[in-house]
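User: Could you walk me through this structure? I would like to go question by question.

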Amino acid sequence: MALIPLRQTVTITPFTGYDPDYNEPSYGTPYTQKCRFSEAVKLVRNQHGAEVVSVGTFYFDKLADISLDDRLTYTNELLAKTTYTPLAIAVKRALNGKPLITEVDV
């Protein structure tokens with residue numbers, strides 16, 4: 001059971017690498033995963049240490065297999081689709097070291 005209720009879903013398109021001929025990113029087969037999406041503007045630090053503006057946060061149960069190059073497509077309650085790329089990924093752990101929740105800022 002998740003730490004918070006995960007009643008929304010997101011479609012994750014995993015990054016597989018770059019095309020050797022044209023050097024364009026290529027993506028794998030999309031899959032859906034349960035999540036909680038919270039829309040809130042905040043400042044976060046990306047993988048280079050620079051401050052960037054995040055427009056929302058995805059919460060996933062335990063340790064989610066998501067990288068900074070993946071695409072996350074979210075459909076809200078009004079059926080509007082928006083595609084995001086992660087800015088920062090943080091795993092919150094319990095005192096024993098087990099992952100409780102993964103936060104993905106977009």
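**Hairpin, salt bridges and core**

Analyst: Happy to! Do keep in mind that this is a predicted model. Let's start with a hairpin: strands β8 and β9 form one, with five residues between them. In its turn, Gly97 has a positive phi of about 95°.

User: Thanks! In which sense do β8 and β9 pair, and over how many bridges?

Analyst: β8 covers residues 88–93 and β9 covers residues 99–105. The two strands run antiparallel to each other, and their pairing extends over six bridges.

User: And which residue in β9 is the bridge partner of Ile89?

Analyst: Bridges join β8 to β9 in the antiparallel sense. For Ile89, the partner in β9 is Val104.

User: Let's turn to charges. Which residue forms a salt bridge with Asp105?

Analyst: The structure holds two salt bridges. In the one made by Asp105, the closest N and O atoms are 3.4 Å apart, and the partner is Lys42.

User: How many residues apart in sequence are the parts that this pair ties together?

Analyst: Asp105 lies in strand β9 and Lys42 in strand β4, so the salt bridge ties together parts that are 63 residues apart in sequence.
The two ends have their own surroundings: Lys42 is partly exposed, with a relative accessible area of 33%. Asp105 is buried, as its relative accessible area of 8% is under the 20% cut-off.

User: Is Arg45 buried or exposed?

Analyst: Arg45 takes part in a salt bridge with Glu51, at 3.6 Å from N to O. Its relative accessible area is 53%, and the cut-off for exposed is over 50%. Arg45 is therefore exposed.

User: Which strands each supply at least two residues of the nonpolar patch?

Analyst: The patch is on the surface, has an area of about 390 Å², and is made by Val41, Leu43, Val53 and Val55. Val53, for one, is found in strand β5. The strands that each supply at least two of the patch residues are β4 (31–45) and β5 (51–61).

User: Now the inside. Which residues of the largest nonpolar core touch the most other members?

Analyst: In soluble globular proteins, nonpolar side chains tend to be buried together. The largest nonpolar core here has 13 residues, and those touching the most other members are Val10, Phe58, Phe60, Ile66 and Leu72. At least two core residues each come from β1 (8–13), β4, β5 and β6 (71–75). As for Phe60, its contacts outside its own sequence neighbourhood include Val10, Ile66, Leu72 and Val104. So the names you asked for are Val10, Phe58, Phe60, Ile66 and Leu72.

Key:
Residues numbered from 1 in each chain as written. Predicted model: local features only at pLDDT ≥ 70, side-chain atom pairs only at ≥ 80, totals over all residues. Heavy atoms only, no water. Pairing = 2+ DSSP bridges. Helix = DSSP H or I, 4+ residues; strand = E, 2+ residues; numbered from the N terminus. Patch = residues over 30% accessible without salt bridge, like charges linked within 9 Å, V, L, I, M, F, W, Y side chains within 5 Å. Areas by Shrake-Rupley, 256 points an atom, 1.4 Å probe, with all protein chains shown as cover. Salt bridge = Lys/Arg side-chain N within 4 Å of Asp/Glu carboxyl O. Buried < 20%, exposed > 50% of the residue type's maximum accessible area, 1.4 Å probe, protein only. Core = buried A, V, L, I, M, F, W, Y, C linked by side-chain atoms within 4.5 Å. Contact = heavy atoms within 4.5 Å. Lists of a residue's contacts leave out its neighbours within four places in sequence.
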